[in-house]
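Reader: I have two chains in front of me and would like to understand how they sit together. Could you walk me through it?

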Amino acid sequence: MEVVFFIITVLTLAGAIAAMSLRHLVHCALCLAVAFGGLAAFYLQLNAQFIGFAQILVYIGAVAVLIVFAILLTRGIESAPQPLFSSAWPVGLGVALLVFGSLVFAIQSSSVAQQQAAPSAQATIRTIGSQLMTNFVLPLELIALLLTAALIGAVIIAMQEPSAKSTPMKDHAASAPIPSVPEEQR
Amino acid sequence: MPHPRRFRAFLKSNDRGDITDMTSVPLHYYLVVSAALFAIGLAGALTRRNAIIALIGIELMLNAANLNFIAFWRYSPKAEAVTGVMFVLFSIGIAAAEAAVGLALIIAIYRHYRTTNLDEISSMKG
């Protein structure tokens with residue numbers, strides 16, 4: 001059990017670190033999928049099977065693929081010569097290390113964290129379904145509304161602007177209609 | 001149960017299924033992993049110059065919070081109320097919506113500025 005835990009930990013954290021530090025963006029997205037898979041394995045390990053498979057479906061199947069699409073759509077002119085990290089990266093790294101240190105300190109000094117697993121923690125599909133239809137029916141409806149709004153909003157935000165007023169790009173400011181393929185380079 | 005140690009523990013446990021009692025990992029292991037994942041995501045979101053990678057960092061932080069919810073639910077004395085699981089379920093849904101809107105924003109910004117470099121996108125006016 002512990003061996004499994006450590007294998008999944010190494011997989012997840014290595015995937016996350018690689019996703020944050022590789023240069024090639026598509027490699028970052030694929031490493032992110034590995035980290036998500038490790039998290040799904042954690043959920044399966046923790047007896048939350050439904051959440052584990054939802055994680056695989058939603059994150060690996062949808063979010064990672066969506067990120068790959070966004071990377072391919074915004075594949076820009078600037079790729080090789082620029083530095084990878086922002087100019088203020090020591091500050092960001094320091095803040096992250098500070099957060100990690102304080103979290104670990106809080107975990108180590110708390111008494112809640114030492115307790116053992118509950119013997120019969122099971123989240124069956126039946127329980128989840130009945131809870132969704134009784135206690136959590138209002139959040140369920142709200143999240144349906146939110147997802148619809150996000151869908152429409154994402155389409156509207158990413159929609160091509162009408163070509164009459166969409167020439168603030170510096171490069172083809174003079175050229176008449178914007179070509180309909182957005183990722184065309186200058 | 002396919003795992004041999006768990007199966008042996010299951011055979012040894014005489015009464016109702018406290019299968020995982022003797023072999024399970026303590027809770028603070030999960031909490032430390034979650035904190036590490038959060039810190040990695042935070043570092044990436046703060047230091048990378050690409051907007052998409054910053055969004056990936058935010059996703060990692062959300063997932064770290066989800067792992068905490070599931071771990072606390074699993075180790076809570078009242079696990080029959082599946083509150084942690086439900087929270088993570090809704091959190092996954094909201095994260096999916098957030099990713100969709102965030103990536104749409106990045107694509108719109110890219111179309112406008114021809115870059116996704118966060119250091120160059122510094123004004124909200126076109």
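Author: Happy to; what follows is a short set of questions and answers on this predicted model.

Reader: How many residues of chain B are in contact with chain A?

Author: Let's take both sides of the interface in turn. On the side of chain A, 95 residues take part. On the side of chain B, the number is 83 residues.

Reader: What percentage of the area buried between chain B and chain A is on carbon and sulfur atoms?

Author: Together the two chains bury about 8,000 Å². Arg48(B), Arg111(B) and Arg114(B) supply 9% of the area that chain B buries against chain A, more than any other three residues. As for carbon and sulfur atoms, their part of the area buried between the chains is 73%.

Reader: How many residue pairs are in polar contact between chain B and chain A?

Author: Salt bridges come up empty here, as the rule finds zero across this interface. Polar contacts, with both residues at pLDDT 80 or more, do turn up, and their count is seven residue pairs.

Reader: Which element of chain B gives the most residues to the side that touches chain A?

Author: Helix 1 (4-12), helix 2 (27-47), helix 3 and helix 4 of chain B each give two or more residues to that side. By class, the side has 51 nonpolar, 19 polar and 13 charged residues. The element that gives the most, with 25 residues, is helix 4 of chain B.

Reader: Are helix 6 of chain A and helix 4 of chain B roughly parallel or roughly antiparallel?

Author: The axes of helix 6 (residues 137-158) of chain A and helix 4 of chain B come within 9 Å and cross at roughly 10°. Among the residues that meet are Leu140(A) and Ile143(A) from helix 6 of chain A, and Phe90(B) and Arg111(B) from helix 4 of chain B. The contact divides into 17 nonpolar, one polar and one charged residue. Angles under 35 degrees count as roughly parallel, so these two helices are roughly parallel.

Reader: And how do helix 3 of chain A and helix 3 of chain B run, roughly parallel or roughly antiparallel?

Author: The axes of helix 3 (residues 49-73) of chain A and helix 3 of chain B come within 12 Å and cross at roughly 175°. Their contact includes Tyr59(A) from chain A and Asn63(B) from chain B, and its residues divide into nine nonpolar, three polar and one charged. An angle over 145 degrees counts as roughly antiparallel, and therefore these helices are roughly antiparallel.

Reader: Within chain B, how many nonpolar residues does the contact of helix 3 with helix 4 have?

Author: Helix 3 (residues 51-74) and helix 4 (residues 83-113) of chain B pack at an angle of about 175°, with their axes 10 Å apart. That makes them roughly antiparallel. Trp73(B) of helix 3 and Gly84(B) of helix 4 are among the residues that make the contact. Besides four polar and two charged residues, the number of nonpolar residues is 16.

Conventions. Residues are numbered from 1 along each chain as its sequence is written. Chains are lettered from A and ligands numbered from 1 in the order in which they are written. This is a predicted model: local features need pLDDT of at least 70, side-chain atom pairs count only at pLDDT 80 or more; totals for chains, interfaces and linings use all residues. Side-chain values use heavy atoms; hydrogens and water are left out. Axes are lines fitted to C-alpha atoms, for helices over the stretch in contact, and angles run from 0 to 180 degrees between N-to-C directions. Helices (H or I, at least four residues) and strands (E, at least two) are DSSP runs, numbered from the N terminus. Angles under 35 degrees count as roughly parallel, over 145 as roughly antiparallel, 65 to 115 as roughly perpendicular and the rest as oblique. Contact means heavy atoms within 4.5 Å. Ala, Val, Leu, Ile, Met, Phe, Trp, Tyr, Cys and Pro count as nonpolar, Asp, Glu, Lys and Arg as charged, and the others, Gly among them, as polar. Buried area is the accessible area (1.4 Å probe) that two parts lose on being put together, summed over both. A salt bridge is a side-chain nitrogen of Lys or Arg within 4 Å of a carboxyl oxygen of Asp or Glu. A polar contact is a pair of N or O atoms within 3.5 Å; within protein, one must be able to donate a hydrogen and the other to accept it, and residues adjacent in sequence count only if both atoms are side-chain atoms.
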